[in-house]
Amino acid sequence: MPGKFYEDPIDDYLPQNGNRGYRVSRYELELVYKVAANRLAGRAEITAVSTEVRPRFALDLSQSLSVSKVFVNGARVAKYQHQQGKLNITPAQKIPAGGALAIVVQYSGTPRPVRGPWGEVGWEELTDGALVASQPNGAASWFPCDDHPSSKASYRISITTDSPYYAVANGTLTRKQTKASQTTWVYEQPEPMASYLATIQIGQYQKYRVGSVQSAVPMHAVIPVRLRARFDHDFARQPEMMAEFRKRFGPYPFESYTVVVTDDELEIPIEAQGISVFGANHCDGNRGAERLVAHELAHQWFGNSLTVSRWRDIWLHEGFACYAEWIWSEAGGGPSADQLARAAWHNLSRNRQDLIIGDPGPQLMFDDRVYKRGALTLHSLRLRLGDAAFFTLLREWTARYRHSSVSTQEFTDLAGHHSASSLRPLWDSWLYSAALPQLPQAGAASVG
Ligand SMILES: [Zn+2]
């Protein structure tokens with residue numbers, strides 16, 4: 001049957017996503033968005049290298065968007081098909097292995113989130129604006145891409161929208177130009193980024209500096225004016241949090257950090273590269289979401305700079321971000337990490353123990369037990385290695401794999417250098433068995 005070909009999935013957690021035959025190094029997106037109509041028109045220029053000779057190759061792109069033109073290496077492509085979320089492109093001439101591949105796709109439509117077992121992800125309309133929260137497979141709802149976390153590339157995102165709106169994308173704002181009633185915002189994201197972390201945020205926002213001008217990492221808030229006082233109170237300790245995490249996890253991996261708060265309520269906050277997005281409900285004026293402020297900030301190291309190659313290793317994102325909540329609690333004068341770990345252990349021990357967090361399966365990869373037990377795995381490792389070796393390990397981990405892709409094996413190998421005896425039983429019991437292991441006694445660190 002023409003137009004359809006079957007091959008091994010890149011990731012069996014998301015068999016529809018990701019593509020073979022090329023490696024993307026850069027995306028340049030030029031987008032025009034009409035807020036009132038929720039109408040998106042785009043031009044995506046994708047720079048890649050082919051990894052094998054093949055008659056055609058595919059990009060992920062939602063069927064909510066229609067493709068009008070495709071070019072490969074400057075030549076208009078007559079043969080392309082857009083079906084079932086795949087844009088299959090057959091260039092007029094075969095591309096040799098190792099050959100440059102410059103793909104241009106022009107498209108437009110009414111973007112809609114992608115529906116899946118994890119709810120709706122991707123481009124979403126707000127009451128007055130739009131947001132993008134794509135984990136794990138929503139990126140194809142707004143641009144053609146190789147939608148898999150192991151495929152990381154640099155980005156330039158240009159977004160033109162109605163002038164009263166503030167538009168945020170990943171990276172540094174390099175240009176802002178207003179013409180008549182439209183404003184164009186151009187952002188450059190030089191560090192490699194997974195497609196699910198690419199984002200656009202549009203709303204009636206104001207931008208504020210957070211913390212002091214001298215702080216090592218520039219931090220900003222992009223929020224509705226009405227939430228300013230609550231935000232200033234609720235996020236007041238974010239500069240201290242940043243300092244604590246830089247001490248514990250090593251240098252902050254990006255140029256800056258921006259928190260967006262939407263005028264709408266959001267069920268959960270979401271991380272993007274260099275950005276976190278909270279709902280108005282997370283600004284309660286009572287620091288009720290401070291745990292989540294820490295969690296999202298920690299994802300900049302664990303998830304965004306160091307990104308899993310396969311979704312099955314998701315505990316490397318969520319377990320670490322959850323453990324960062326406990327580290328912040330301890331540093332910020334709340335309950336210690338050990339107290340929080342013992343409370344979490346107690347809750348888990350009363351729960352069903354039928355989840356392997358080292359391979360939780362696609363349905364349960366965002367299950368709270370992956371988060372909590374992932375954090376407990378790290379606490380157990382900390383008790384085993386002692387604080388000095390444990391935090392040295394975390395800093396080595398973020399330095400060695402900065403801006404790249406990671407696996408559980410790479411983490412356990414690195415951890416092995418800090419222990420005189422094998423850590424295999426620890427990994428087997430915490431990551432690869434369903435039954436909940438005992439938590440070691442505090443202060444039981446062995447010298448290793
Ligand atoms: Zn998270």
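**Zinc site, sheet and core in a predicted model**

Me: Is H295 buried or exposed?
Reply: In this predicted model, H295 has a relative accessible area of 5%. Because the buried class covers residues under 20% relative accessible area, H295 counts as buried.

Me: Which protein residues are the donors of the zinc ion?
Reply: The donors lie 2.0 to 2.1 Å from the zinc ion, and along the chain they follow the spacing H-x3-H-x18-E. One of them is the buried H295, and another is H299, which at 1% relative accessibility is likewise buried. With the atoms named, the protein donors are H295 (NE2), H299 (NE2) and E318 (OE).

Me: Which strands stand at the edges of the open sheet with the order 3-7-6?
Reply: The sheet has three strands with antiparallel pairing, and its twist averages 20 degrees from one strand to the next. An edge strand has a single partner strand, so one side of it is left without a neighbour in the sheet. This applies to strand 3 (57-60) and strand 6 (79-83).

Me: Which residue in strand 7 stands opposite L59?
Reply: Strand 3 pairs with strand 7, residues 86-90, in the antiparallel sense over four bridges. Within strand 7, the residue standing opposite L59 is L87.

Me: Which helix gives the largest share of the largest nonpolar core?
Reply: This core has 142 residues, and those with the most contacts inside it are W142, F245 and F411. Leaving aside neighbours within four places in sequence, W142 is in contact with residues including L29, Y107, W123 and I157. The largest share of the core, 10 residues, comes from residues 315-331, that is, from helix 4.

Key
Residues numbered from 1 in each chain as written. Predicted model: local features only at pLDDT ≥ 70, side-chain atom pairs only at ≥ 80, totals over all residues. Heavy atoms only, no water. Donors = N, O, S within 2.8 Å, 3.2 Å for Na, K, Ca; no water. Buried < 20%, exposed > 50% of the residue type's maximum accessible area, 1.4 Å probe, protein only. Pairing = 2+ DSSP bridges. Helix = DSSP H or I, 4+ residues; strand = E, 2+ residues; numbered from the N terminus. Axes fitted to C-alpha atoms, helices over the stretch in contact; angles between N-to-C directions. Core = buried A, V, L, I, M, F, W, Y, C linked by side-chain atoms within 4.5 Å. Contact = heavy atoms within 4.5 Å.
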